[in-house]
Amino acid sequence: MSKGRKYSKEERKLEIVKVACKLFAKRGYYNTTIPDIAEAMGMSVGNIYNYFKSKEELAKYIMRYSSRLLGNEIRKINEEDLSTKEKVYKIVKRFFEIAEEQPELIEYFLRVFLSNREIFNEGCEGFLCVSEVITELMLFFEEGAKIGDFRQQEFFPAFTTLMGPLGGMVFLKGEGVLPKSPVEYSDELAKNIWNALKNG
Amino acid sequence: MGKKTLLWLQGLSCNGNSQSLLNAENPSFYELFSRVELIFHPEISYKENILQVLEKVLSDRKKVNFLVIEGSITTNKRFHRIGDYTIGELIDRLKNKVDYIIAAGNCASFGNIPVLYREHKDIRGLQFKFKERKGFLPPDFKTKSGYPVINITGCPMHPSWFTQTLIALLEGRKVILDKYNRPKEFFMYLSHDGCLRNEYFEWKVEAEEFGHKEGCLFYNLGCRAPMTHAPCNKILWNRVSSKTRAGLPCFGCTEFDFPLRENYFETKKNIGIPEDVPLGVSKRVYITITGVAKTLKNERLSKKLEETD
């Protein structure tokens with residue numbers, strides 16, 4: 001962190017979240033310690049504990065933070081004056097843009113949240129730590145089906161049809177096997193998703 | 001001073017509100033009409049001749065304080081007539097003579113089911129046609145008492161909503177109305193208020209079948225109680241029960257859109273998300289709360305009530 005400026009407690013907390021998210025995403029949850037995070041922050045270990053009582057608490061906070069961020073992005077698209085089809089294309093594109101701008105957020109989701117479920121047992125069960133994303137997607141699907149653009153079905157098949165391919169693409173990128181960046185596949189993938197979900 | 005008088009006339013009606021009124025208690029039908037002179041009621045007055053009654057009233061030889069209308073209004077004689085009058089003509093002639101006009105039930109209030117007969121446009125409520133102020137009487141119409149038509153909605157109305165409003169007016173008390181001209185005393189409540197299933201609603205535990213004690217009927221079985229203004233779970237029907245208490249969804253029959261919806265036994269959903277959410281919250285807020293509540297299981301509500309501790 002740059003010196004010379006006084007950071008508010010909230011700003012510093014956010015900084016810890018971003019740094020820790022990167023470290024967790026890169027090295028894995030168990031291979032990252034609070035002293036590692038403190039070192040990367042240039043803070044004392046004791047001071048980190050003033051912000052988060054435990055590594056688990058920090059891990060859950062990161063997930064809630066990422067969900068809020070992604071949820072806000074979807075909300076913006078939800079509130080735009082676009083057709084349902086255009087919104088599908090935009091959500092797909094925005095997701096890949098975020099994966100490029102802040103790869104640690106999606107990496108964290110795939111490599112920590114989904115892979116180390118035992119950490120998230122208490123307080124992050126079900127959708128508790130990702131509720132913003134789920135809520136926005138529910139509103140998106142509900143509205144699209146209400147005006148007849150999406151085929152009626154239950155929520156979870158629709159949800160996985162949209163989010164599954166997005167996660168899959170970012171995962172392949174992480175594995176280093178994608179010849180192009182996910183954003184370059186955005187329109188083609190959005191077309192597949194739209195064709196799968198559209199009414200008729 | 002003589003008793004106040006009440007004249008009950010019907011337009012396009014199934015008589016449901018009259019039947020309901022016969023079940024009135026505290027006061028009962030007979031107690032009520034020992035305080036008020038019932039000039040005529042089409043189902044009860046067997047001695048009087050309606051045309052003679054009307055002739056007296058129209059020629060100002062008989063004063064009417066309360067004019068109660070049951071049923072939708074039309075001016076088409078092919079659909080409805082009393083002697084040579086349509087219900088519309090009679091209301092026109094009586095509206096400035098009476099102190100109060102009370103719409104008994106949803107048809108007189110909003111037009112309701114008869115308005116669904118689309119081939120004929122001249123069917124409406126007294127002052128509303130569904131939610132629009134395009135009823136038979138102008139939007140700014142008021143009777144001599146200063147009140148617009150007082151709507152006691154419901155299909156049918158609950159007898160107590162009617163009798164208690166009438167008594168309040170008889171006693172000279174002020175009756176506060178909502179935006180659909182319904183007495184707030186009754187219609188400021190939702191039929192959700194006082195429902196015995198509220199614990200299931202809070203924890204999002206769905207009812208699977210009709211007629212059981214457990215589960216909330218809002219999620220799958222079509223219940224409209226969280227968005228319906230009616231004190232059905234405060235003032236019980238026949239003093240013992242309500243639809244939701246008996247395991248049946250609220251149909252929203254006190255609202256203007258009651259006949260405009262389809263499939264009363266199924267909650268309208270889009271991709272699994274309810275189209276309508278409880279009054280007072282946005283869909284975003286409601287979905288967020290629902291997600292949290294569904295994640296946190298309440299053990300008590302997973303059992304039959306008889307099996308709980």
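From the N terminus on, which elements does chain A run through? Selecting chain A and following the chain from the N terminus, you will pass α-α-α-α-α-α-α-α-α, and the secondary structure of chain A accordingly comes to nine helices and zero strands. Keep in mind throughout the tour that this is a predicted model.

**Chain A as a whole**

With chain A still selected, turn the view along the principal axes, where the C-alpha atoms fill a box of roughly 60 × 35 × 35 Å. The radius of gyration of chain A is 18 Å, which agrees with the value near 16 Å that a compact globule of 200 residues would have. If you colour the chain by burial, 32% of the 200 residues of chain A count as buried. Drawing the contacts between residues at least 6 apart in sequence, you will find that 71% of them in chain A join residues at least 24 apart.

**Helix α7 of chain A**

Next, select residues 131–146 of chain A, which form helix α7. The end C-alpha atoms of this helix are 22 Å apart, in agreement with the 22 Å that its 16 residues should span at 1.5 Å a residue. Is α7(A) largely enclosed by the rest of the structure or largely open? Of its 16 residues, 13 are buried, so α7(A) is largely enclosed by the rest of the structure. Moving on past the helix, stop at Gly148(A), which follows α7(A) and has a positive phi, near 85 degrees.

**Helices α5, α6 and α8 of chain A**

Now select helix α5 (residues 84–101) together with helix α6 (residues 103–113) of chain A, which pack at an angle of about 100 degrees with their axes 5 Å apart. That angle makes α5(A) roughly perpendicular to α6(A). To see the contact itself, show Ile98(A), Ala99(A) and Glu100(A) on α5(A), and Pro103(A), Leu105(A) and Ile106(A) on α6(A). By class, this contact of α5(A) with α6(A) has five nonpolar, no polar and one charged residues.

Keep α6(A) in view and add helix α8 (residues 155–174) of chain A, which packs with α6(A) at an angle of about 95 degrees, the two axes lying 10 Å apart; α6(A) and α8(A) are therefore roughly perpendicular to each other. Which residues of α6(A) meet α8(A)? They are Ile106(A), Glu107(A) and Leu110(A), and their counterparts in α8(A) are Gly167(A), Val170(A), Phe171(A) and Gly174(A). The contact of α6(A) with α8(A) has four nonpolar, two polar and one charged residues by class. Ile106(A) deserves a label of its own, since this residue takes part in the contact with α5(A) and also in the contact with α8(A).

**Where chain B touches chain A**

Bring chain B into view and select the contact between the chains, which takes 12 residues from chain B and 19 residues from chain A. On the side of chain B that touches chain A, the largest share, seven residues, comes from helix α9 (residues 283–295) of chain B. By class, that side of chain B has four nonpolar, five polar and three charged residues.

**Ile87 of chain B**

Finally, centre the view on Ile87(B), which lies in helix α4 (residues 87–94) of chain B. With 27 C-beta neighbours inside 10 Å, Ile87(B) counts as buried. Leaving aside residues up to four places away in sequence, Ile87(B) touches Leu9(B), Gly11(B), Ile73(B), Thr74(B), His80(B) and Ile82(B). As a last distance to draw, Ile87(B) and Gly215(B), 128 residues apart in sequence, are 45 Å apart in space from C-alpha to C-alpha.

How values were computed. Residues numbered from 1 in each chain as written. Chains lettered and ligands numbered in written order. Predicted model: local features only at pLDDT ≥ 70, side-chain atom pairs only at ≥ 80, totals over all residues. Contact = placed C-beta atoms within 7 Å. Helix = DSSP H or I, 4+ residues; strand = E, 2+ residues; numbered from the N terminus. Nonpolar A, V, L, I, M, F, W, Y, C, P; charged D, E, K, R; others polar. Rg over C-alpha atoms; globule rule 2.2 N^0.38 Å. Buried ≥ 20, exposed ≤ 12 C-beta atoms within 10 Å, placed from the backbone. Expected span 1.5 Å × (residues − 1). Axes fitted to C-alpha atoms, helices over the stretch in contact; angles between N-to-C directions. Parallel < 35°, antiparallel > 145°, perpendicular 65-115°, else oblique.
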